[in-house]
Amino acid sequence: MQINPPKNSIRGMSESAKIILEGKEYDLPVITGSEKEKAIDISKLRAMTGYVTIDPGFKNTGSTKSAITFLDGEKGILSYRGYPIEQLAEKASFIEVSYLLIYGDLPNAEQLEYFSESITHHTLVHEDMKRFFEAFPTNAHPMGILSSMISSLSTFYPESQNPNRSIEDIDLTIHRLIAKLPTLAAQAHKNSMGHPLIYPNNDLSYTKNFLNMMFGMPTEDYNINPVVNDALNKLLILHADHEQNCSTSTVRVVGSSQANLFSSISAGIAALWGPLHGGANQAVIEMLESIKSSGTPLQHWVDKAKDKSDSFRLMGFGHRVYKNFDPRAKIIKKAADDVLEALGIDDPVLNIAKELEAVALKDPYFVERGLYPNVDFYSGIIYRALGIPTEMFTVMFALGRLPGWIAQWKEMVEDRAPIGRPRQIYTGANARDYVDIKNR
Ligand code: ACO
């Protein structure tokens with residue numbers, strides 16, 4: 001295939017890619033994004049040539065155009081709607097960032113007040129949902145609970161199932177979701193502890209209300225440490241969107257069938273749960289804990305991760321897109337130091353994590369493959385310092401990623417995206433006749 005230089009076309013200067021198949025040449029349009037990244041548009045390829053493209057794991061496939069998040073994996077750049085992640089993590093509130101992702105721009109004071117109030121107004125969940133909690137086994141993983149609870153919200157709000165609802169109705173569903181996910185997440189935690197549920201407190205900010213529902217008790221006031229609240233705000237912002245990752249693509253594909261938003265997000269939560277994706281934050285702490293208790297040198301674990309006959313991987317290392325460094329990991333590593341110092345915590349696991357990173361990054365195996373710590377490598381250490389139990393780590397990720405999933409779902413609906421339905425290359429048996437069971 002060859003890329004032709006720009007030439008005049010009806011829409012002005014444009015590039016095209018030439019593909020030669022069975023001696024015949026075809027021109028395919030080239031699309032250029034606002035940060036100059038390029039794609040060959042193959043959407044008409046099969047109609048033109050009879051060929052499809054194949055790309056397992058979508059390693060080289062753009063599934064959509066999107067104006068929400070930009071990332072450059074080689075340069076380690078991440079921005080939401082053009083704003084660098086470093087500035088947002090430093091200066092913004094999670095609710096402001098949620099608005100930015102979903103509605104395209106930072107809110108002014110009036111818009112922020114309306115958005116915050118609307119979310120505060122919807123934090124309660126239907127009392128009947130308590131009965132669901134009672135039915136789960138006491139050791140149920142909170143991600144399983146959260147995914148089920150979010151899906152079940154569609155049964156309490158059946159109007160959300162109508163694909164032709166108004167913009168106002170869609171906004172109401174969006175606000176309900178952002179409001180109720182922290183309530184359900186905290187209730188899942190309380191339920192696993194056998195503690196009484198703490199109801200939302202509408203006088204508190206989004207993050208403070210979540211902390212209060214997680215750690216408060218009906219019998220005493222819970223004192224929210226500002227260091228904890230700021231760290232939570234930062235972590236949620238850093239997780240808020242990450243373009244077409246596994247869970248976001250899941251939300252888009254499920255939503256493309258016009259399934260309702262609650263169910264689409266529930267599917268995204270399920271995709272996030274896996275240890276190769278958001279579940280890595282739980283897996284990292286479990287790995288660091290077993291390294292600590294084993295007492296074996298770190299090199300042993302690095303060698304194990306390199307051994308192709310061993311399924312062990314360094315959890316929290318590597319990323320499909322970042323092959324240099326993950327900008328979120330850089331911020332989180334520094335935040336881990338700051339938070340532990342501010343809270344006066346000495347966590348030996350943080351030192352093991354830093355030593356492991358140093359050993360791995362000197363090893364040619366990791367350097368050659370561009371394997372660096374990702375967002376999940378240090379986040380668990382902060383969650384732990386905030387008092388959040390290991391099994392809740394991926395729930396925390398879901399809480400952060402929610403506005404990104406919603407923004408991507410909304411963009412997909414507004415763009416009237418076609419149903420997600422990839423092709424395949426069939427490699428099974430050729431046509432054959434049914435054989436009666438007696439003759440098999
Ligand atoms: N430890 C050891 N080797 C690794 C690791 C790792 N953590 N990650 C990748 N590799 C190796 C692979 O074995 C492969 O080696 P090879 O070229 O010799 O076959 C090479 O690096 C490329 O890896 P792939 O699995 O092909 O890369 P892919 O883009 O498909 O996977 C992933 C990315 C899933 C993140 C992978 O790096 C991984 O499993 N990491 C550990 C789990 C993790 O931390 N996940 C969280 C990611 S961030 C997020 O989702 C929020």
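User: Which residues lie nearest the centre of the second largest pocket?
Analyst: In this predicted model, the second largest pocket encloses about 540 Å³ of space, and its lining is made up of 22 residues. Of these lining residues, the ones that lie nearest the centre are Pro163, Ile170, Gln258, Val413 and Glu414.

User: Which element gives the most to the lining of that second largest pocket?
Analyst: Two or more lining residues come from each of α7 (167–193), α10 (246–256) and α18 (393–414). By class, the lining holds eight nonpolar, nine polar and five charged residues. The element that gives the most, with five residues, is α18.

User: At what angle do helix α4 and α7 pack?
Analyst: Two packed helices are described by the angle between their axes together with the distance between those axes. For helix α4, which spans residues 109–121, and α7, the axes lie 8 Å apart, and the crossing is right-handed. The angle at which α4 and α7 pack is about 65 degrees.

User: Which residues of α7 are met by α4?
Analyst: From the side of α4, the contact is made by Tyr114, Phe115, Ser118 and Ile119. Taken by class, this contact of α4 with α7 has five nonpolar, two polar and no charged residues. The residues met in α7 are His175, Ile178 and Ala179.

User: Is Ser147 buried or exposed?
Analyst: Ser147 lies in helix α6, which covers residues 142–156, and, leaving aside residues up to four places away in sequence, Ser147 touches Ser266, Ile269 and Ala270. Because its relative accessible area is 12%, which falls under the 20% cut-off, Ser147 is buried.

Definitions and conventions
Residues numbered from 1 in each chain as written. Predicted model: local features only at pLDDT ≥ 70, side-chain atom pairs only at ≥ 80, totals over all residues. Heavy atoms only, no water. 1 Å grid on protein atoms, 1.4 Å probe; cavity = no way out; pocket = protein on both sides within 12 Å on 5 of 7 lines; lining within 4 Å. Points joined across faces, edges and corners; volume = space filled by probe spheres on them. Helix = DSSP H or I, 4+ residues; strand = E, 2+ residues; numbered from the N terminus. Nonpolar A, V, L, I, M, F, W, Y, C, P; charged D, E, K, R; others polar. Axes fitted to C-alpha atoms, helices over the stretch in contact; angles between N-to-C directions. Left-handed = near helix turned anticlockwise from the far one by under 90°. Contact = heavy atoms within 4.5 Å. Buried < 20%, exposed > 50% of the residue type's maximum accessible area, 1.4 Å probe, protein only.
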